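Hi everyone, thanks for making time. I'd like to walk you through a structure that may be new to you, so let's bring it up on the screen.

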Amino acid sequence: MFLQNFHTKKYFLFFLLVLLWVHSAAAEPTSRFRIGGTGSALATMRLLVAEYQKVHPDIQIQVPPSLGSTGGIKALLDGALDICLVARPLTQAEADAQLTYRPYARTAIIFAVNPLAEVSALNYQQIADIWAGNLTRWPNGEYIRPIIRSATESDLLPIFAFSPQMRNAFARAAERPELIFAPTAQDNVNILLSLPGAFGVSSLAQIHSEKAFVIPLTLAGVEPTLDNLATGRYPFGKDFSLVYQDSKLPAKLRPFIDFIFSRQACGILTENSHNCLNDRSPG
């Protein structure tokens, strides 16, 4: 009887210890973070996050839908994001908030069309005429349907700086009530995909990372390739940057930032139409 009770107690104690160990392992906190901002960087960032989490499964990084660069910075300052993705330089007010700004990649800004437009190239005058409403049909007779975005979008600012003519033509397009407005980068590409004759501005990185079958247009005889962007032959590009508050950055996210600037991450970025910026470590 004594031995039976002893063994019963021994197995009960063993079971209790196992139960406590399982509970302890389950209760071990998984670190969760949020990275978001400009819509054109999100799909590639999700690929980078997935690759990082293969080696660091205890780090859970969420990439929410598009907030835009400005919305992302506001969310960062409000504590809703740990790292913001932006596609423009910081404003003076944002810089005064002591934010860390680290460009990690550059991509081409493109003019793009729905495949049914059967167009592969335009020049600057034709783009201005499309926005102004002077050119309304593609050569195959399809009606041209320009997509309008906010004039402060990162895809548009370099174009306006390059050509006052196109800036003025876009201002006229923004006053045309029949045109479709796309509030986010994802909305913009979805409309390009679904609307016959659609014409808009996007980025090479976004359409490749989202596998969007739209046609990037040759511009004034120059293809929007990464090589042409790097040499300056193609004039329109934008940088993607990480923005964060260094004093508030969680310690467990610092290795992820190091990963973004690694050669491994550069391979993923290059595969998705980015030119990598800054020195790349072997990691």
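Before we look at any residue, one definition: buried means under 20% relative accessible area, exposed means over 50%, and partly exposed is what falls in between. Please keep in mind, too, that this is a predicted model.

Let's start with Leu-135. You'll find Leu-135 in the loop between helix H5, residues 124–132, and strand E6, residues 145–148. Is Leu-135 buried or exposed? Its relative accessible area is 28%, so Leu-135 counts as partly exposed. Who are its contacts? Leaving aside residues up to four places away in sequence, Leu-135 touches Gln-126, Asp-129, Ile-130 and Ile-144. As for Gln-125, that residue is 10 residues from Leu-135 in sequence, and the C-alpha to C-alpha distance is 10.0 Å.

Now over to the strands. In a regular strand, side chains alternate between the two faces of the sheet. Strand E2, residues 59–62, shows such alternation: Ile-59 and Ile-61 point to one face and are buried, while Gln-60 and Gln-62 point to the other and are not buried. E2 pairs with strand E1, residues 31–37, in the parallel sense over four bridges. Opposite Gln-62 of E2 stands Arg-34.

Last stop, the largest pocket. Its volume is about 290 Å³, and 20 residues line it, with Gly-68, Ser-69, Thr-152, Glu-153 and Ser-154 nearest the centre. Which helix gives the most to that lining? Helix H3, residues 68–77, does, with four residues. By class, the lining has 11 polar, five charged and four nonpolar residues.

Thanks for listening!

Notes. Residues are numbered from 1 along each chain as its sequence is written. This is a predicted model: local features need pLDDT of at least 70, side-chain atom pairs count only at pLDDT 80 or more; totals for chains, interfaces and linings use all residues. Side-chain values use heavy atoms; hydrogens and water are left out. Helices (H or I, at least four residues) and strands (E, at least two) are DSSP runs, numbered from the N terminus. Buried means under 20% relative accessible area, exposed over 50%, partly exposed in between (1.4 Å probe, protein chains only). Contact means heavy atoms within 4.5 Å. Two strands pair if DSSP finds at least two bridges between them. On a 1 Å grid over the protein atoms alone, a cavity is a set of points where a 1.4 Å probe fits but cannot get out, and a pocket is an open set with protein on both sides within 12 Å along at least five of seven lines; lining residues have an atom within 4 Å of a point. Grid points are joined across faces, edges and corners, and a volume is the space filled by probe spheres set on the points. Ala, Val, Leu, Ile, Met, Phe, Trp, Tyr, Cys and Pro count as nonpolar, Asp, Glu, Lys and Arg as charged, and the others, Gly among them, as polar.
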